[in-house]
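The following exercises practise reading contacts from atomic coordinates. Please attempt each task before studying its solution.

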Amino acid sequence: MKALQILISSILIVVGVFCFAEPARAFCGFYVAKADSNLYNQASQVIIARDGNRTVLTMANDYQGEIEDFAIVVPVPVVLKKEQVNIANPKIIQRLDGFSAPRLVEYHDSNPCQVYRYRTLEKQATMESAEADSARNNALGVTVEEKFTVGEYDILILSAKESDGLEIWLRENGYKIPEGARELLHPYIRQNLKFFVAKVNLKQFDRTSFNALRPLAIAYESPKFMLPIRLGMMNAKGEQDLLVYLLSPQGQIELTNYRTVKIPSNVEIPEFVENEFSDFYKTMFQKAYEKENKRVAFLEYAWNMANCDPCSAQPLNREELKQAGVFWTSPNRFQNVFITRLHVRYTRDTFPEDLSFQQTANTQLFQGRYIIRHPYREEINCDRAREYQQATRQRQEREAQTLAKLTDWNLEEIRSKIDFIEAKPIPWWRRIWN
Amino acid sequence: MFLSDARDYQILILASFLFLGILTRDWTVQPQFIFAAIASCVLTQLSLTFFLDFVKGKKEPDFGLNRVRVKSYQKFRSLAIGGLRSAAITGLGLSLLLRTNDYNTMALAGCLAIASKFFLRVENKHFFNPANFGIIAVLILTNNAWVSPGQWGTDWWYLLLFIGLGGIILKKVGRWDTSAVFLIVYAGLEALRNFWLGWDLQVWQHQLSSGSLLLFALFMLTDPRSIPNARSSRIIWAIAIALVTFILRDYFYISTAIFWALFFISPLTILCDRIWQAPRFNWQILESKKLIYW
């Protein structure tokens, strides 16, 4: 078995040396900490700005444990120098989240006796923003390629020959790594990836006067457009949510190894949802996720960043786009940034492979948009009153059924929460003579 | 007669996949694009058939193409009907696979696909799969075309459906060997890579249960008119495509690897046919034993 493995390895290495330009590239990792508790990364947010092979990746984590225990290991495509690593402004993720979040739009019916006028009010359902020795080294096959400090983080770039060695090295150097790390680290080592290891430098952390850990951004060049999620599964209990904001100069970015599905959108729902929009969105998302057998990524937003309609937040200005990693705009050029917001809920079983992306020329706009229409409740003094009331009542009933279908909430309960408009039946003779 | 030709089954099956995709897979294909694809294929087919027939008519004998001469009306009719079937298949294939946001790009793909059949010929046999040629042409020539490999997902019942219906077509045209060899070799290469990397079996399963991969292997790779005639050469040809797909996908990170692999290996058909000789495939002979045309 061992001999076969060596044989296959050597054949592939020889083939690799002659045929292939660059080894596989990958990204995104797992937390390692010295404490056992609060080690779950259940929701994370990532910004990927990419043009050609150039990529700026910003990772915001939702680490919930003690700051001194925080550490993260992420596979990276190349050895990163200090200037390729940066601290991102935590607000930029909130801005992108706010801009691209599924939104509730509210319309007020006007007096049916007058010409219809709409007043628009926007509300957004932002996800809760996530804040979240040399001889010995040689023996283990681990090399410290780079060592530097950026902001509050001490960063090491490691390369390793064997996953066993890397696991032992990390343990010996005080990182408590999750069980099963070896099996997951192995493929990345085989693909010749480096490991980006960051932990918090407490002195620096005090000085920065930030309460939470700030996102880390790295810039690199690689033909492979993917995001490793497998390592992240080690810390996780059950399902994890990942929001990926993909920025490109051309159009929508989609997954190549999983389906990308649009979240149900542009539906009219009852008025009361205004007060429980978060609840509604979470329930609807879960239902859509189960309906698709939990194996798809959901598209929540796809839009050119120069505008929005309706806007749930102001579009990002040039400076903010730069902070988000957009490197291709210049002051004289038209702002060509297209944002794709993907929401992936994954477990080890349903997403066995890391996420692979591709950029497309698809400039179709999409947004998760939910509509509330408030009926006109004042007194109506014209002939259209009955007609309006009846139509509105039917609409309210349709909205109730839509909501029940989207969320599986009990239809009777939904109806009981709706403030149905009083509708007097229209006398039947009016239909023939009026 | 409808369903007298294996291509009629193929048209039905591809059309049903298209409906299935639009209805259940959340595709953003608009009817206008399907129309652009099918119309451009059919019109190019008709006009080139007519034009070439006209040119040949003037220069007797007919380019040494060894065609059986029949009365001109009958001849044109059979040419047109046979050609229309093929054009419809190419148009449906493009609608299923190619994505763009410009009708012109779709129409260009259709025209080039069909034109490749008429002009890129050696010994009166075209060697590019028309739909594949159209896709690659617009991927190179325009910047608003793309292919979505993830569009079918990995649900098992789609896979069963593809295998079942693909099996019907392959049985009719007798080209199951090509699909089988391609899938076995490709699966084997991916298994080796996964084993070497240390990924678990699930990753391998996930890679192979891609609906797009299966659809390609069962429907595009098996076009009996453009692939080698002899079984042994088809086997070598399929192995080459599997190998190139594997290299392009896993080492050059090209998401459309299968289409490029088929494109690069297609010209090998000529060489294969020279080395291993076998009777050429003919749709009409296949079904009715009547010798007419392409």
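**Exercise 1. A charged pair and its surroundings**

With which residue does A:Asp109 form a salt bridge, and how far apart are the closest N and O atoms? Then decide whether each partner is buried or exposed.

*Solution.* The structure is a predicted model.

Step 1. The partner of A:Asp109 is A:Arg395, and the closest N and O atoms are 2.9 Å apart. This satisfies the rule because a salt bridge requires a side-chain nitrogen of Lys or Arg within 4 Å of a carboxyl oxygen of Asp or Glu.

Step 2. A residue counts as buried under 20% relative accessible area. A:Asp109 has 6% relative accessibility and is therefore buried. A:Arg395 has 5% relative accessibility and is likewise buried.

Step 3. The pair belongs to a network of salt bridges that links A:Asp109, A:Glu268, A:Arg373, A:Arg395 and A:Glu399.

**Exercise 2. Further salt bridges in chain A**

Which residue meets A:Arg259 in a salt bridge, and where in the chain do the two partners lie?

*Solution.*

Step 1. A:Arg259 pairs with A:Glu292 through their side chains, at 3.1 Å from N to O. 

Step 2. A:Arg259 is in strand 15 (residues 259-262) of chain A, while A:Glu292 is in the loop between helix 7 (277-291) and strand 17 (296-304) of chain A. The pair links distant parts of the chain, 33 residues apart.

Step 3. Both partners are buried; for A:Glu292 the relative accessible area is 15%. 

Step 4. Residues up to four places away in sequence are set aside when the contacts of A:Glu292 are listed. A:Glu292 then touches A:Arg259, A:Val261, A:Phe298 and B:Arg25.

Step 5. Another salt bridge joins the side chains of A:Glu146 and A:Lys81, at 3.1 Å from N to O. Here A:Lys81 is partly exposed, with a relative accessible area of 43%. Over all chains, the count is 29 salt bridges.

**Exercise 3. The setting of a histidine**

Which residues are in contact with A:His374, leaving aside its neighbours within four places in sequence?

*Solution.*

Step 1. A:His374 lies in strand 21 of chain A. With a relative accessible area of 11%, A:His374 is buried.

Step 2. The contacts of A:His374 beyond its sequence neighbours are A:Glu106, A:Tyr107, A:His108, A:Asp109, A:Glu271, A:Glu274 and A:Arg395.

Step 3. With A:Glu271, the side chain of A:His374 makes a polar contact to the side chain, at 2.7 Å.

Step 4. The C-alpha atoms of A:His374 and A:Phe272 are separated by 9.9 Å, although these residues are 102 apart along the chain.

**Exercise 4. Aromatic rings**

How many aromatic pairs are found over all chains, and is the pair of A:Tyr281 and A:Tyr370 stacked or edge-to-face?

*Solution.*

Step 1. The search finds 31 aromatic pairs over all chains.

Step 2. The ring centres of A:Tyr281 and A:Tyr370 are 6.0 Å apart and the planes meet at 65°, so the pair is edge-to-face. 

Step 3. A:Tyr281 lies in helix 7 of chain A and A:Tyr370 in strand 21 (residues 369-374) of chain A, so the pair ties together parts 89 residues apart in sequence. Both rings belong to buried residues.

Step 4. In chain B, by comparison, the pair of B:Phe128 and B:Phe133 is tilted, with 5.1 Å from centre to centre and 50° between the planes. B:Phe128 and B:Phe133 are both buried.

Step 5. A:Tyr281 and A:Tyr370 form one aromatic cluster with A:Phe277, A:Phe280, A:Phe285 and A:Phe298.

Step 6. Charged groups are also placed over rings. A:Arg50 lies over the face of A:Phe225, at 4.5 Å from the ring centre, and B:Arg193 lies over the face of B:Tyr251, at 5.5 Å.

**Exercise 5. The interface between the chains**

How many residues of chain B are in contact with chain A, and what area do the two chains bury between them?

*Solution.*

Step 1. On the side of chain B, 36 residues are in contact with 44 residues of chain A.

Step 2. The chains bury about 3,300 Å² between them, 56% of it on carbon and sulfur atoms. In chain B, the residues that lose the most area to chain A are B:Trp196, B:His206 and B:Tyr253, together 23% of what that side buries.

Step 3. One salt bridge is counted between the chains. B:Asp200 forms a salt bridge with A:Arg230, the closest N and O atoms being 3.7 Å apart.

Step 4. The rule finds 12 residue pairs in polar contact across the interface. Helix 7 of chain B supplies the largest share of the side that touches chain A, namely five residues.

Technical notes
Residues are numbered from 1 along each chain as its sequence is written. Chains are lettered from A and ligands numbered from 1 in the order in which they are written. This is a predicted model: local features need pLDDT of at least 70, side-chain atom pairs count only at pLDDT 80 or more; totals for chains, interfaces and linings use all residues. Side-chain values use heavy atoms; hydrogens and water are left out. Buried means under 20% relative accessible area, exposed over 50%, partly exposed in between (1.4 Å probe, protein chains only). Helices (H or I, at least four residues) and strands (E, at least two) are DSSP runs, numbered from the N terminus. Rings of Phe, Tyr and Trp (its six-membered ring) pair if their centres lie within 6.5 Å; planes under 30 degrees apart count as stacked, over 60 as edge-to-face and the rest as tilted. A charge sits over a ring if NZ of Lys or CZ of Arg is within 6 Å of the ring centre and within 35 degrees of the ring normal. Contact means heavy atoms within 4.5 Å. Buried area is the accessible area (1.4 Å probe) that two parts lose on being put together, summed over both. A polar contact is a pair of N or O atoms within 3.5 Å; within protein, one must be able to donate a hydrogen and the other to accept it, and residues adjacent in sequence count only if both atoms are side-chain atoms.
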